[in-house]
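Student: Can we go through this model together? I'd like to talk about helix packing and then pockets.

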Amino acid sequence: MKLQRMNRRALTLGALAVSGALALTACGSDDTGTTGSGSGSAAATGASDIKCDDAKGQLLADGSSAQKNAIDAWVKNFTQACNGVQVNYKGSGSGAGITAFTQGTVAFAGSDSALKPDEVEASQKVCTGGQGVDLPMVAGPIAVAYNVSGVENLVLDAPTLAKIFDGKIKKWNDAAIAKLNPDAKLPDLQIQPYHRSDESGTTDNFTKYLIAAAPDDWKYEGGKAWQAKGGQSASGSSGVAQGVKQTNGAIGYMELSYAKDGLGTVALNTGAAAPVKASSDGATKAVAAAKVVGTGNDLALKLDYTTKAEGAYPITLVTYEIACDKGNKAETLPATKAFLRYLASEQGQGILSGIDYAPIPDSIITKVRTTIEGLS
């Protein structure tokens, strides 16, 4: 009996060893601790369900710096699973991304503003038989970050923000700021507002908020380029964040993921019961009320920047991935579809809240997934 038990145990262990070896062979393990190949799916670190299909080669993209931190996280997971693909996303800004896309030098672009009619027309020259379409992929609150020694829990409203960034309110102890912060010890300190020097969808969305919520105090027409006079400028959200960190009395707008390392973030008095701070949940609540205004495969959204809904953070942007609906280059189409499919997947969207972004609501992201599968 003892010998029979030993034989049965040996057979069981042998079977387990064989099945384990087969599993490793099927996954294509490598010596880096990741698994997968250009035509399979693997990567134990959160990428186990990524479909690589026939993706291979180098995928070039450029655009929104707002989503750069999200893209970096996505690229890490995707390339661990699909190790036959290299994804190079520059994050030079929305304007630069759209220019690169319409010139045909990148497979897709990221933009915090939907394509304008002239940009759609320009895309038709590189999308043979098709055009560029807007695919909302990641949302995020635009935090108004500040660096004022001794001041915490700062509350501002749209008219006051408009006057600050237009140079009409110059000191931190101004009566308008004091009225919103009766318990704060506001210093007699010069305000140093920072804005983007490059064309940016972050600027476009921030000024859309000022136009909508403070029309009497912000008279500029808006757009990707900063139009108000004065203030300090810096390139990219990272540049603005760095400028604010280094300057006592500074204030600037940037994605929440950049508002780190000691920077305070403004709570907005929107007219709701309590001021609202920038957060992933607040951004999702704002995007959930957005309307799809694009036609056909285009999924451009219209946001309500004047919302007074409880907990909804109104200065929220949506970053679109812009790709050809038809006429994609044959050599990059498999990688483009595989990467965008992962971004729009439940798994890809699921990592966003943990890195200070907000997922796109189900009612919208399901349409994005359908459009991605139809790219050709």
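Tutor: We'll take two helix pairs, then two pockets. This is a predicted model: local features need pLDDT of at least 70, side-chain atom pairs count only at pLDDT 80 or more, and totals for chains, interfaces and linings use all residues. Residues are numbered from 1 along each chain as its sequence is written, and side-chain values use heavy atoms, with hydrogens and water left out.

Student: At what angle do H10 and H12 pack?

Tutor: About 170°, with the axes 10 Å apart. H10 covers residues 333-344 and H12 covers 362-373. That makes H10 roughly antiparallel to H12 (angles over 145 degrees count as roughly antiparallel, under 35 as roughly parallel, 65 to 115 as roughly perpendicular, the rest as oblique). Axes here are lines fitted to C-alpha atoms over the stretch in contact, and angles run from 0 to 180 degrees between N-to-C directions. Helices are DSSP runs of H or I with at least four residues, strands are E runs of at least two, and both are numbered from the N terminus.

Student: Which residues meet there?

Tutor: From H10, Lys 337, Leu 340, Arg 341 and Ala 344. From H12, they meet Ile 365, Val 368, Arg 369, Ile 372 and Glu 373. Contact means heavy atoms within 4.5 Å. By class, this contact has five nonpolar, no polar and four charged residues (Ala, Val, Leu, Ile, Met, Phe, Trp, Tyr, Cys and Pro count as nonpolar; Asp, Glu, Lys and Arg as charged; the others, Gly among them, as polar).

Student: And how far apart are the axes of H5 and H7?

Tutor: 9 Å, at an angle of about 125°. H5 and H7 are therefore oblique to each other. Ala 158, Leu 161, Ala 162 and Phe 165 in H5 meet Phe 206, Tyr 209, Leu 210 and Ala 213 in H7. That contact has eight nonpolar, no polar and no charged residues.

Student: Switching to pockets. How much space lies in the largest pocket?

Tutor: About 260 Å³. Of its 13 lining residues, the closest to the centre are Lys 208, Leu 301, Lys 302, Tyr 305 and Tyr 320. A pocket is an open set of points on a 1 Å grid over the protein atoms alone, where a 1.4 Å probe fits, with protein on both sides within 12 Å along at least five of seven lines; lining residues have an atom within 4 Å of a point.

Student: Which element supplies the largest share of that lining?

Tutor: H7, with three residues.

Notes:
Grid points are joined across faces, edges and corners, and a volume is the space filled by probe spheres set on the points.
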